[in-house]
Amino acid sequence: MAAMDTPGRKAGWGLIDLLVIGYALTPVLWIASLSFKPTSLVTDGHFIPREWTLDNYRGIFATDEFTRALVNSIGIAIIATVLAVAIGMMAAYAIARLSFPGKKLLIGISLLIAMFPQISLVSPLFEIERSVGLFDTWPGLILPYITFSLPLAIYTLAAFFREIPWELEKAAKMDGATQAQAFRSVIVPLAAPGVVTTAILVFIFCWNDFLFAISLTSTDAARTVPAAMASFTGSSQFEEPTGSIAAAAVVITIPIVLFVLFFQRRIVAGLTSGAVKG
Amino acid sequence: MLAVTAYPVGYAVWLSLQRYDLRFPAQREFVGLSNYVAVLSDGYWWNAFSVTVAITAISVAIELVLGLALALAMHRTLIARGAVRTAVLIPYGIVTVAAAFSWTYAWTPGTGYLANLLPDGSAPLTEQLPALGIVVLAEVWKTTPFMALLLLAGLALVPDDLLRAAQVDGAGPWQRLTRIILPMMKPAILVALLFRTLDAFRIFDNIYVLTRGNNGTGSVSILGYDNLFKAFNLGIGSAISILIFLCVAIIAFLFIKLFGTAAPGSNVEGRR
């Protein structure tokens, strides 16, 4: 490749890169720009705000509606992520290490669920959760989130676990380490990146969900930010809540941007399931 | 997992066989297949169905081409590879609802930078075809990176040596793409297509925010949601849910049969 490293080629790639980056970021910058516009200028249609203000952010953090939703979002996403990754690890370990009857079936079923249309589950879950009292509670959302993210967790983790050179465990034992030692100081460090990656992907999934969030909640007891945004109202009846929605959108985008900035390599590796190594 | 999916699905089938309207709970009774007859003989279902199929087909096709280009760019770029990958991950990670609001305001007359490029008086989100175009745009923007990353994984499996050998033998860039890269990426492409098709078929968030399914832009998921939570008709809503489930199952089945994709599970099983 070094032979092709001419300045002309570099400039060409630079242009392409800029196009790609522009494509990816324009809508994000636009919503951020909206969130900094004062109410009077929100409808001026300029991409870059003429005047900057933080009023929209003050506005949403001043009300319970948004802060409650933010707490719900964070709490629900974290709990669901931890549980899904924990269960997923066991299943993935079994898939990667052992051969047991029904292994293919397990993988098949989990992929089936991953591709399952959520709306098909909404109506029965709505009925069931209303009758057992889970409707509009945290567990009421955590449960379906785990179900839908578990396949993703298993799939990604199994791909990572397959890459681990398990012979090392045997070698460590040969050198006198106990089973527990071999697991703790050889396997765990090797598996950690995969687990972190999976946790990020699952978190993004839970953070993102909208259909369950608007269907299975009715008050701010469990409503998450995406659902709350869709029901925002302006400070008066005749005012479109554009600024508040934009500000809320920016706030929930921040964690995603942070993840992407710090774990870019991990996320790419997770989505491509370890295939890039090699 | 089975408890949270199989049981509700069974329950949905059961609900779908009943007349059950939350506004008139006393009239709950077993009505057999008449909910399905009602749904399938109704224009709304077929409209939503064709809208969904159109959105799925068009957006997946665009995503495939764009995703492939993006994957090639990410794979081959000489500079700023990290920055490009980081930027591309943002659409993937961003909350769909937040992105959808961004598109909504971009196209709202007066407010948006894109709407202002259009002639005065046009409100694209209130007309069926322009609105569907915007839905496809929002969907493509959001999911192309996912497609690109799956394809990138396939691309990484193409050995550089092989490409260099082909180059030495006089194959041009286009020939190398169609004769070597694409055939070797076939499994990755098929898995990406399968995932995205099934995913696009259940499109909900984007449409909900962009148009609320007005003016004939509702997908089947929107139709199901409206019947459940606006009309409170659990019987009809469940029947729609089951029909969507069947559609998705049929799509998955066709993919696996027609294209001979080894069930996506075999991806996990090893092949590499």
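Student: How far apart are the end C-alpha atoms of helix α5 (residues 96-107) of chain B, given the span that its 12 residues should have?

Tutor: The model is a predicted one, in which local features need pLDDT of at least 70, side-chain atom pairs count only at pLDDT 80 or more, and totals for chains, interfaces and linings use all residues. Residues are numbered from 1 along each chain as its sequence is written, while chains are lettered from A and ligands numbered from 1 in the order in which they are written. Helices (H or I, at least four residues) and strands (E, at least two) are DSSP runs numbered from the N terminus, and the expected span of a helix is 1.5 Å times one less than its number of residues. For the 12 residues of α5(B) that gives 16 Å, which agrees with the separation of the end C-alpha atoms in the model, 17 Å.

Student: How many of the residues of α5(B) are buried?

Tutor: A residue is buried if 20 or more other C-beta atoms, placed from the backbone, lie within 10 Å of its own, exposed if 12 or fewer do, and partly exposed in between. Residues that meet the buried cut-off in α5(B) include B:F101, B:W103, B:Y105 and B:W107. The helix is mostly covered, and the number of its residues that are buried is 12 of 12.

Student: Which elements of chain A do the buried residues of α5(B) pack against?

Tutor: Within chain B, these residues pack against α6 (128-156) and α9 (205-210). On the side of chain A, the partners are α1 (7-36), α8 (179-208), α10 (225-230) and α11.

Student: Which helix gives the largest share of the side of chain B that touches chain A?

Tutor: Two residues are in contact if their C-beta atoms, placed from the backbone, lie within 7 Å, and by that rule 72 residues of chain B are in contact with 75 residues of chain A. Ala, Val, Leu, Ile, Met, Phe, Trp, Tyr, Cys and Pro count as nonpolar, Asp, Glu, Lys and Arg as charged, and the others, Gly among them, as polar. The side of chain B then has 51 nonpolar, 17 polar and four charged residues. Its largest share, 11 residues, comes from residues 81-93 of chain B, helix α4.

Student: Are α2(A) and α11(A) roughly parallel or roughly perpendicular to each other?

Tutor: Axes are lines fitted to C-alpha atoms, for helices over the stretch in contact, with angles from 0 to 180 degrees between N-to-C directions. Helix α2 (residues 55-62) and helix α11 (residues 242-271) of chain A pack at about 80 degrees with their axes 8 Å apart, and the residues of this contact are five nonpolar, four polar and no charged. Angles under 35 degrees count as roughly parallel, over 145 as roughly antiparallel, 65 to 115 as roughly perpendicular and the rest as oblique. The two helices are therefore roughly perpendicular.

Student: What is the phi of A:D136?

Tutor: Most residues other than glycine have a negative phi. A:D136 lies in the loop between α5 (118-132) and α6 (138-163) of chain A, and with 17 C-beta neighbours inside 10 Å it counts as partly exposed. Although A:D136 is not a glycine, its phi is positive, at about 65 degrees.

Student: Where in chain B is confidence lowest?

Tutor: pLDDT is the predictor's confidence in each residue, from 0 to 100, and chain B averages 76. Helix α3 (residues 43-76) of chain B has the highest confidence there, at 86, whereas the lowest, at a mean of 39, is in helix α12 (residues 265-269).
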